[in-house]
Every structure is written in C-alpha cells, then in structure tokens.
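Colleague: I would like a close look at the charged pairs in this protein, and then at whatever else in the fold bears on the parts they touch. Please take it in one go and keep it plain.

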Amino acid sequence: MSLVGIIANPASGKDIRRLVAYGSSFDNQEKVRMVRRILLGLEAVGVDQVCFMPDYYGIVPRALDSLKVDVDVFPLDFDARADQRDSTEAARIMEENGTTCIITLGGDGTNRVVAKGTIKVPVLPISTGTNNVFSFMVEATIAGMAAGLVAANLTPLEECTFSSTKLEVKVDGTVVDLALVDIAVCEDLFVASKAVWDMRKVSQIFLNRAEPGNIGLSSIGGLLHPIGAEEPQCLCLKLGGKGRFVKAPIAPGIIEKVIVNEQRIMNVGEEVEISTVPSVLALDGEREVEVRRGQQAMIRVTKEGPVVVDVRRTMNSAMKRGILASVPDGEVAKSI
C-alpha cells in the first residue's frame, strides 16, 4: 500500500513582487486543476491513498469535485492556522503516518517550511510560487506519475532522487531556522513585507544553489560561480563598495547591476559570521529572522537537506524497467 501526501499552498504566487516587480499571479483555481491532474497521474501508477493538508481555499476538495479516481483521498486531522506553520505541521504528520512521497505546490518559501517538518520523506516540489529555484516547472500529470512511482517503490530511490544540502541559521550558538536556496542579510531593522527586492539594502548573500538560468538572488551567484542542486557547497557573497558587477535578474522583470566585492566558497560543515548587526535575514526570499544588536549570527552548510524527487530521472527509470509499457508478444521482459 502506498501513501502520497499533497501540500498545496493557497498563498503561493501572490506576494508583493506582483507590485514592485512583474511577477505573475498564480491563481488558486489553477492549483485546483493541477491537483486534479496530479491525482489522475497517481491513480495511473496504482497509488492507493492520498492525504492532504487542509487549507482555507479547499484546493484538494475542489479538485475532487466532478473527478472520479479510484484513490482514497483524505485530509490530515489538525487545527490549521492558515499560515506557514500549517505546511510544517502537515509535513511532520505525513512523516509520522508513513507517507512515502510528498508533493508540494508552492515556491521556495513553501518548500523551506515543509523541510522544517520533514527531511526524510522524498519531496516532489512543483512550482507555483514567485522564486522557483528549489521547485520544478513540470506538468502536473507527469509529476503525479513520478511521485506515485517513488511512493510505490517501483523505481529505486538512488536512481530517481538526490539529497539536497541546506543552510542553517545560528544565533548565539543555537540553530533557529533554515534555508534551502539563499539567505540575504538585509540592513532593514524590521521584517515588514517579506520579500526582498531592493539590493541597496542587502550586504551579504549565502547561496545554496547558484545557476545562471535561475531567477532571484540565486542568479547573482550563478553568473559568478555556479553551484548545482546536488553540490555540497555554498557561495558567500559580500555586496557593495568597490568590486565586480553582475547584471542579474533578481526578480521577475527586474534586472539589476549588483556590485560584489568578495566571494567565498563554503563547504559542508563550514560556518561564516553575519557581517551586519543588527539586521534581518531573508530566508529563501522572505524576511524571517531578526539579528539584534549584541547577538552573533552564523550561517552553516549541512548535508541534512530534503530528499528531492527528480521527475526526469524517475520517468527514465520507469522506462528502463518497462513499468509503463507492455511486453510485445513473444518477448520476455528484461530485468534491469
């Protein structure tokens, strides 16, 4: 019996970058249509059960309207608060209940809080947010099939998943939060709006992923020293002053000239101190942690990040094993 979890964030794709940049809004009704296709993909590969995070819009219940699938779909039983804590709690309960794969619909921020609930259950992150470095732009039908193949143990994890690293935030020696993609040190002394878009107020960036084709702060490092999703490294950049410039797409439709005066590679286990105190740390694009005067804040790279399902690898693995194709008459299926 296989159990797949769905965490669909109704708030993803709607932050202030629709006002200060040119980000597209991601309608919740489109998420409903995506969940329908996910459920059909899960059914096609024989998934028995699906549990989901309850949300104020009712994304999964709406998806089930007028949809007939031979899958037991049920909500998790907990007191939802209609904020990011719901995703963390849902992920924690899914792990406790024996879920074998979690599908998330959201951006980098959504997956960050899911990782606070579990890093043991493989996650397949579908992009429905603003900055989508951690999550994939993938057709929901295929994502559902891939997640089902992993959940049912039809394809081996070593062929279709990879382990991500993560960035830990330590304040006065205690780990207080994490990031999966980037951490920006902002000179603002208040959280206010969550998103970061004014680079004049950013003094330092830590990048767990940095590729030239990314959007957001990750693109800055990607144009200097690329770091892939599976590489056990982090890129630390100090901004401002005199140095080399990088013309990077820091938000949808916003391309800025950013001055980088120092760069450093951090390996797993290394820690680097925050250079600006007091400050606010933006984790995966959202201001979350205040560093007050007199406090010491450090960033550390660790290997204990989420296990991520790679859709392409999973479908290739299924193809090699003939899982989704019948054997021609007179032939015997090859064991790979």
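Modeller: Searching the whole structure, which is a predicted model, turns up 18 salt bridges. Side chains of opposite charge can pair when their charged atoms come close. One of the bridges runs between Asp 177 and Lys 116, whose closest N and O atoms are 3.3 Å apart. Asp 177 belongs to strand S8 (residues 174-179), while Lys 116 sits in the loop between helix H5 (108-115) and strand S5 (123-127), so this bridge ties together parts that are 61 residues apart in sequence. The two ends differ in their surroundings: Asp 177 is buried at 11% relative accessibility, whereas Lys 116 is partly exposed at 38%.

The helix named with that loop, H5, deserves a word here. Eight of its eight residues are buried, so H5 is largely enclosed by the rest of the structure. The buried residues of H5 are Asp 108, Gly 109, Thr 110, Asn 111, Arg 112, Val 113, Val 114 and Ala 115.

Two other bridges can be set beside the first. Glu 270 pairs with Arg 264, with 3.1 Å between the closest N and O atoms. Glu 270 is partly exposed, at 23% relative accessibility, and Arg 264 is partly exposed too, with a relative accessible area of 38%. Asp 310 pairs with Arg 313, and here the closest N and O atoms are 3.7 Å apart. Asp 310 counts as buried at 14% relative accessibility, while Arg 313 is partly exposed at 23%. Salt bridges that share partners also join Lys 166, Glu 168, Lys 170, Glu 271 and Arg 300 into one network.

Arg 313 leads on to helix packing, since helix H9 covers residues 311-320. The axis of H9 comes within 9 Å of the axis of helix H6 (residues 140-151), and the two cross at roughly 65°. H6 and H9 are therefore roughly perpendicular to each other, and their crossing is left-handed. On the H6 side, the contact is made by Ile 142, Met 145, Ala 146, Leu 149 and Val 150. On the H9 side, Val 311, Thr 314, Met 315 and Ala 318 make the contact.

H6 also packs against helix H2 (residues 28-44), at an angle of about 40° and with the axes 7 Å apart. That angle makes H2 oblique to H6, and the crossing of this pair is right-handed. H2 contributes Met 34, Arg 37, Ile 38, Gly 41 and Leu 42 to the contact. From H6 come Ala 140, Thr 141, Gly 144, Met 145, Ala 147 and Gly 148. Met 145 thus appears in the contact with H9 and again in the contact with H2.

Next, the cysteines. A disulfide is a covalent bond between the sulfur atoms of two cysteines. The structure holds zero of them. Cys 160 is in no disulfide, and the nearest cysteine sulfur, that of Cys 101, is 8.9 Å away. Cys 160 is buried, at 0% relative accessibility. Cys 236 is likewise in no disulfide; for Cys 236 the nearest cysteine sulfur belongs to Cys 234, at 6.6 Å. Cys 236 is buried as well, with a relative accessible area of 6%.

Some backbone details in the loops remain. Val 277 and Pro 278 are joined by a cis peptide bond, with omega about 0°. Pro 278 lies in the loop between strand S13 (271-273) and strand S14 (279-283). Following S14, in the loop between S14 and strand S15 (286-291), is Asp 284. The phi of Asp 284 is near 50°, a positive value in a residue other than glycine. Asp 284 counts as buried, at 4% relative accessibility.

Ser 66 has a positive phi as well, near 60°, and is also a residue other than glycine. Ser 66 is in the loop between helix H3 (59-64) and strand S3 (72-75). Ser 66 is exposed, at 76% relative accessibility, whereas Asp 284 is buried.

Technical notes
Residues are numbered from 1 along each chain as its sequence is written. This is a predicted model: local features need pLDDT of at least 70, side-chain atom pairs count only at pLDDT 80 or more; totals for chains, interfaces and linings use all residues. Side-chain values use heavy atoms; hydrogens and water are left out. A salt bridge is a side-chain nitrogen of Lys or Arg within 4 Å of a carboxyl oxygen of Asp or Glu. Helices (H or I, at least four residues) and strands (E, at least two) are DSSP runs, numbered from the N terminus. Buried means under 20% relative accessible area, exposed over 50%, partly exposed in between (1.4 Å probe, protein chains only). A disulfide is a pair of cysteine sulfur atoms within 2.5 Å. Axes are lines fitted to C-alpha atoms, for helices over the stretch in contact, and angles run from 0 to 180 degrees between N-to-C directions. Angles under 35 degrees count as roughly parallel, over 145 as roughly antiparallel, 65 to 115 as roughly perpendicular and the rest as oblique. A crossing is left-handed if the near helix is turned anticlockwise from the far one by less than a right angle, and right-handed if clockwise. Contact means heavy atoms within 4.5 Å.
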